[in-house]
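Colleague: Before I use this model, I would like to go through the labels attached to it and hear the reasoning behind each one.

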Amino acid sequence: MVPESHSAAVRQGSLVRVTLGRKFYNGIVLRLHDDAEEGINYKPVLGVLSKEPIVSSAQIELWQWVARYYMCKMGDVLKAAIPTALFNDAYKSRTFMAVRLKDGYEHKPTPKQKILIDYIEREAESGAISLSSAVEAASAAVVNLLEKKGVIEKYQAERSRFSYSEPVVAENPLTEAQQKAYDETMALFAEHKPVLLKGVTSSGKTEIYIKLIKNTIAQGRQVLYLVPEIALTTQLKQRLQRVFGDALFLYHSKLNDQERAEVYNEAISGERCMVVLGVRSSVFLSFKDLGLVIVDEQHDQSYKQQEPAPRYHAGNTAVMLARLAGADVIMGSATPSVEAYYNATSGRWGLVELGSRYGGVLPPELTVVDMVAERRKNKVCEMFSWVLRDKIAAALEHGEQVILFHNRRGHSTSVCCPSCGWVPQCDSCSVPLTYHKVGELLSCHYCGHKEPMPLFCPVCGNDLDTRGYGTERVEEVLHGMFPDAGVLRLDLDSASGKNSYERILGDFAAGKAKILIGTQMVSKGLDFSNVSLVGILNADTLIDYPDFRSSEQSFQTLLQVSGRCGRRSRRGEVVMQTSHATYPIVQQVADSDYRAFFDEQIAVRSLLAYPPFSRLVFLYVKGKNPRAVNGSSQMLTSMLGKQFPNYVLGPGTPPVAKISDYHIRRVVVKILPSLSLADSKAFIYSAIEETLRNYGSISIYADIDPV
């Protein structure tokens, strides 16, 4: 309920203070209406904590769409969208103190708050300023105090982490191929179509983005530039800040909450923030006037939020955001997702293609090494075939750099007793513990549990063996093979600190190390001029994954990591080690033949009614009682099967069937285009609620469009 005293200040998107029971809460005004219902005790708004709305109308519509489409609560979306500091600081702010004074609201202030309240009262009563202007006066007084203490100077230094004021310089002019792609993009924007820019690696998609950004800023509108990983902002920010200076801001989880709140406020004010470079959470920023959304590396799985809810896909959400904000949207990738390329080739989206590398550089030459045959010939040393080892040595001899890709972190994937077969398992998850030599620890990569590495087998007392290898083990072997090269490792373990990404990539770019070994972090968008060789140590870890998307994700990752070499004057080389040299996906990667890959995938998915020929909903049943989990998942499957005959799979066990003591079962629902999506989700909701009424000890959540 809005009291008369606040009626002028309360608007859609305003941050307000309310009370529920004895507790006080800050919240966002979603809408204003006069449709009061009888029998409901409406609570009054106690104070307005923001002079202007902190959420745009387009963002509120987006929140409602996300909650509806991804089957989650509005509260989940709000938590993901608004930096916590905006709520906390609003309650502590002088704005709310002034409101309390005005309304006679009783609150026992802290000593610091009391000083500010006294100041506001004194200035207002003297007539020097109006009460509505007291906040500005108090703020000025505080700023003067902070300047004397040197806090402002420190704040400005801290702020340089996420905003820039470098001199603005001109970018290189577009090539003929890039200009053609730019013109085609602008023509499709005029038709109000989302655009898929399919450009081979190193084709110069970023230059096209920069020209589109310049065009948008010239119209006085803002730009959201999405990338899938924080690591990608490291190089890209340097490139963009040379062009856009202090109009560029960063937004990602490595910033603290106060810094994210700062960027959020800058975006909605629109006074200085014209370009935001960020990861998936940036899609929830409120902009004053958003004109362009760029989704780079559109295919990447990192755009999908897994835990907690909302389990949204930032790429798909960005398309909806652009529609609601009246903005253009362009999605770029050398290996777009099957669904995206299908949308583009079927006319739903526009399609622009760049088929050659910038400067006419040839794509890398790829050599497939059959590790089964190489082992028979005894031509394998540790995890390296002689072919890859010799090519690394040759690259180093020429003063060039090497990137090695292996999608397993840690030292060894498991530990085993060769005598009795004992394998240390996580007590809370259904996975073996991974051995990390740093710290001599066994670690679970799902729940985070860690324990010391045992000296002997606890069952029979014999020595233990390690099985498999991760990036830590590869780094160790490389130091022995090439002691003078310098080796850097980029994975979740080595890059856990706030500035670790920048330090590792900066050292590699500066030539302090000649070899970079990493997980999928090294496969995405990195651009190093001196890298001539990429080695894929074990392509099988991707190809063998049990999922209908495994071929797609294998093709994308392998082709993307291959594109990290030979990006300037000379042609690069790629060596891919695999035990599945005859698989079609291996040959498609070797030939860089996206169309052959797409045609094969689309035929299989059409036959089996997988996306884009259906909408997938994964329903996860979780609980600590395995009998309740099994019974409830079977009940849920039975109810859904009546509504979606032949299109419900399960209940089945996911690849990891227990995490943090919770047993998990999965039910898969395929919703065909002939069915109403809204009605189908409503039925799924009712089936979930009925199951929960019968099994109270379990939880069920939906994952829409899983990847």
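Colleague: What share of the residues of the protein chain counts as buried?

Modeller: In this predicted model, 51% of the 707 residues of the protein chain count as buried, a label that requires a relative accessible area under 20%. The accessible surface of the chain comes to about 32,100 Å², and carbon and sulfur atoms hold 51% of that area. The chain has 23 helices and 28 strands, and among contacts with a separation of 6 or more, 74% are between residues 24 or more positions apart.

Colleague: Why is Val-283 called buried?

Modeller: Its relative accessibility is 0% and the label applies under 20%, so Val-283 counts as buried. Val-283 sits in the loop between strand S7 (275-278) and strand S8 (290-296). Leaving out residues up to four places away in sequence, Val-283 touches Gln-59, Leu-62, Leu-224, Leu-226, Tyr-312, Ala-314, Thr-317, Ala-318 and Leu-321. The C-alpha atoms of Val-283 and Ala-322 are separated by 9.9 Å, with their positions 39 residues apart along the chain.

Colleague: And what makes Met-1 exposed?

Modeller: The relative accessible area of Met-1 is 55%, and exposed means over 50%, so Met-1 is exposed. Met-1 belongs to the segment before strand S1 (15-20), and together with Ile-40 and Tyr-42 it forms a nonpolar surface patch with about 290 Å² of accessible area.

Colleague: Which residues have the most contacts inside the largest nonpolar core?

Modeller: They are Leu-619, Leu-640 and Ile-684, in a core of 146 residues. Apart from that core lies another one, of 22 residues, including Leu-388, Val-474, Leu-478 and Ile-515. As for Ile-684, when neighbours within four places in sequence are left aside, its contacts are Met-71, Val-617, Leu-619, Leu-640, Phe-644, Val-669 and Ile-671.

Colleague: How many aromatic pairs does the count give, and what makes the pair of Tyr-341 and Tyr-594 edge-to-face?

Modeller: The count comes to 17 aromatic pairs. For Tyr-341 and Tyr-594 the ring centres are 5.0 Å apart and the planes stand at 80 degrees; a pair needs centres within 6.5 Å, and edge-to-face needs an angle over 60 degrees, so both conditions are met and the pair is edge-to-face. Tyr-341 is in helix H13 (residues 338-345) and Tyr-594 in helix H21 (residues 594-608), so that the pair links parts of the chain 253 residues apart. With relative accessible areas of 5% for Tyr-341 and 4% for Tyr-594, both residues fall under the 20% limit and therefore count as buried.

Colleague: How do you know that Phe-644 and Phe-683 are edge-to-face too?

Modeller: Their ring centres are 6.1 Å apart and their planes are at 80 degrees, so the pair is within the 6.5 Å limit and over the 60 degrees that edge-to-face requires. Phe-644 lies in the loop between helix H22 (626-643) and strand S25 (648-652), and Phe-683 in helix H23 (residues 677-694), 39 residues apart. Phe-644 is buried at 3% relative accessible area, whereas Phe-683, at 25%, counts as partly exposed.

Colleague: Which residues do ring pairs link into a cluster?

Modeller: Ring pairs join Tyr-341, Phe-555, Tyr-594, Phe-597 and Phe-598 into a cluster.

Colleague: Why is the contact between Lys-437 and Glu-476 called a salt bridge?

Modeller: The closest N and O atoms of Lys-437 and Glu-476 are 2.6 Å apart, and the criterion asks for a distance within 4 Å, so the pair qualifies as a salt bridge. Lys-437 is in the loop between strand S16 (434-436) and strand S17 (441-443), while Glu-476 is in helix H16 (residues 471-481), so the bridge ties together parts 39 residues apart in sequence. Both residues are partly exposed, Lys-437 at 38% and Glu-476 at 29%.

Colleague: What other salt bridges does the search of the whole structure find?

Modeller: The search finds 25 salt bridges. Among them is the one between Glu-266 and Arg-272, at 2.6 Å from N to O, in which Glu-266 is buried with 11% relative accessible area and Arg-272 is partly exposed with 36%. Arg-11 and Glu-52 also meet in a salt bridge, at 3.0 Å from N to O.

Definitions and conventions. Residues are numbered from 1 along each chain as its sequence is written. This is a predicted model: local features need pLDDT of at least 70, side-chain atom pairs count only at pLDDT 80 or more; totals for chains, interfaces and linings use all residues. Side-chain values use heavy atoms; hydrogens and water are left out. Helices (H or I, at least four residues) and strands (E, at least two) are DSSP runs, numbered from the N terminus. Buried means under 20% relative accessible area, exposed over 50%, partly exposed in between (1.4 Å probe, protein chains only). Contact means heavy atoms within 4.5 Å. Accessible areas come from the Shrake-Rupley method with a 1.4 Å probe; for residues, only the protein chains shown count as cover. Patches are made of residues with over 30% relative accessible area and no salt bridge: like charges are joined within 9 Å, nonpolar side chains (Val, Leu, Ile, Met, Phe, Trp, Tyr) within 5 Å. A salt bridge is a side-chain nitrogen of Lys or Arg within 4 Å of a carboxyl oxygen of Asp or Glu. A nonpolar core is a set of buried Ala, Val, Leu, Ile, Met, Phe, Trp, Tyr and Cys residues joined through side-chain atoms within 4.5 Å. Rings of Phe, Tyr and Trp (its six-membered ring) pair if their centres lie within 6.5 Å; planes under 30 degrees apart count as stacked, over 60 as edge-to-face and the rest as tilted.
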